[in-house]
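Visitor: Please take me closely through one part of this model, the strands and the elements that pack around them. I would like one connected account.

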Amino acid sequence: MATVFFAYRDSPQRRAALAAPRGAPERYLLFGLDQLAERGWETSHDLERPGAPPAWARASGAALKSSLEWAGGYGGDFATILASLGRANRADVIISTVDTVGIPLMLLARAGRVRPPFVYVAIGLPERLARLRSERIRRLYARALGAAAAVVAYSEFEAEEVRRWLAARACETEVVFVPFGVDQVAFAPSEEPPALDVVSIGADPHRDVELLFAVAAERPARSFCLITTAGRARTVGGGQPPNVTVETDVAFETMRRRLGEARVVALPVRENSYSGATTVLLQAMASAKPVVVSRTRAIASGYGLVDGRNCRLVEPGAASAFGRALDEALQDDAQARVMGAEARRTVEDGLTWSRYVDRIESVLRAAS
């Protein structure tokens, strides 16, 4: 029986997903842990400890992070990885699910502290590599990342950027594009009539909340609902129009219900290499909702998106065009239903959670 160790970023949402019963839709935040266990893998992870890492791990992690940043590098959550090295080293293969733990993992592997092969999942890695402040640190990170059995990216563009960065430093590690997926059973068309005109969901720093507010302000007769975190809401400041309701830190089931209540889902995103509001985009498509989304490089290819057929794609930052696309979807219910149905078919044809796990499992088997 093969064993896989998952390195997760510690967060309240991840802890809640781990505490949820098997089969709960929010357990997608575990990146296939349950499905791999069902397929015969023995699984473990770095959040099995109920509380914070022990004091020695926090102190050592803080020292390592501080030293790296002083030298011009980018740190991460060393404490969580240090506290779970024993379990990690007993696995046949390790998968780091986000850069916050992936960077510490690859640097500790470079130092000889991590023995099994590891798969590095990149989510915004090019932006982090661009912040490295010296050639010496860039070489260190290239050698550490180059020791990975594979690098996975959920964006074709990000995969190519990482490939190019590694090749420029004579590293030939395999970089694999794996489209993200969605549970098409948990997110399915709703039979309830829409209660909200426009719903937008997301908290990552690239979400263009200011554009959403500007579009909403020009349509005072339309109802808008933004679901985000309290921390992200604080970064927006003022400017919230009276027709926009902001809900923060809601339960997963509430988020799913709001998605079902939407006539149209709006996902404005600033240009970047990895985020196209991908998770919510797929959830909305699986729910057969018409979606207006920014055409960032992260989703411009690899997800089968076709403007006017299974979604509306608008250039990032183009508020007027975004508003027009929203108006068209809101004013033509018949066309919106056709677009939503085509979105659902796109998910069913290749972007289901099972297909995502198939692809991740293939990478893990090749690495172990």
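Guide: Two strands count as paired if DSSP finds at least two bridges between them. In this predicted model, strand S3 (residues 93-96) and strand S4 (residues 118-122) meet that condition, being joined by three bridges and running parallel. Within this pairing, Ile94 stands opposite Phe118 in S4.

S4 itself is mostly covered, since five of its five residues are buried. In a regular strand, side chains alternate between the two faces of the sheet. In S4 both faces are covered: Phe118, Tyr120 and Ala122 are buried on one side, and Val119 and Val121 are buried on the other.

Tyr120 leads from the strand into the interior. Beyond its neighbours within four places in sequence, Tyr120 is in contact with Ser96, Asp99, Gly102, Ile103, Met106, Leu125, Leu145, Ala148, Ala150, Val151 and Val152. Tyr120 is also among the residues with the most contacts inside the largest nonpolar core, which has 104 residues; the others named with Tyr120 are Met106, Tyr141, Tyr303, Tyr356 and Leu364. Another core, of 20 residues, lies apart from the largest one and includes Val209, Val264, Ala266 and Phe322.

Val209 belongs to helix H10 (residues 209-217), where Leu211, Leu212, Phe213, Val215 and Ala216 are buried as well. The elements that cover the buried residues of H10 include strand S7 (196-201), strand S8 (224-228), strand S9 (244-248) and strand S10 (262-267), together with helix H11 (230-236) and helix H14 (319-331).

These four strands belong to an open sheet of six, in the order S9-S8-S7-S10-S11-S12, with parallel pairing. S9 and strand S12 (312-314) each have a single partner strand and stand at the edges, so one side of each has no neighbour in the sheet. On average, neighbouring strands of this sheet are turned by 20 degrees against each other, direction ignored. At the S9 edge, S8 and S9 are linked in the parallel sense by five bridges, and Cys225 has Thr245 in S9 as its bridge partner. H10 packs on this sheet and touches S7, S8, S9 and S10, while its direction makes about 165 degrees with that of S8. Angles over 145 degrees count as roughly antiparallel, so H10 and S8, at about 165 degrees, fall in that class.

A contact between two helices offers another arrangement to set beside this one. Two packed helices are described by the angle between their axes and the distance between the axes. Helix H13 (residues 278-286) and helix H15 (residues 333-350) pack at about 115 degrees, and their axes are 7 Å apart. H13 and H15 are therefore roughly perpendicular to each other. H13 contributes Leu282, Met285 and Ala286 to the contact, and H15 contributes Gly340, Ala343, Arg344, Thr346 and Val347. By class, this contact of H13 with H15 has five nonpolar residues, two polar ones and one charged one.

One charged residue elsewhere completes the account. Glu361 is found in helix H16 (residues 353-367). Its relative accessibility is 11%, and Glu361 therefore counts as buried. Leaving aside neighbours within four places in sequence, Glu361 is in contact with Leu36, Arg39 and Trp41. Gly40 lies in the loop between helix H2 (33-38) and strand S2 (42-45). Gly40 is partly exposed, with a relative accessible area of 36%, and, apart from neighbours within four places in sequence, is in contact with Met1 and Ala2.

How values were computed
Residues numbered from 1 in each chain as written. Predicted model: local features only at pLDDT ≥ 70, side-chain atom pairs only at ≥ 80, totals over all residues. Heavy atoms only, no water. Axes fitted to C-alpha atoms, helices over the stretch in contact; angles between N-to-C directions. Helix = DSSP H or I, 4+ residues; strand = E, 2+ residues; numbered from the N terminus. Parallel < 35°, antiparallel > 145°, perpendicular 65-115°, else oblique. Contact = heavy atoms within 4.5 Å. Nonpolar A, V, L, I, M, F, W, Y, C, P; charged D, E, K, R; others polar. Core = buried A, V, L, I, M, F, W, Y, C linked by side-chain atoms within 4.5 Å. Buried < 20%, exposed > 50% of the residue type's maximum accessible area, 1.4 Å probe, protein only.
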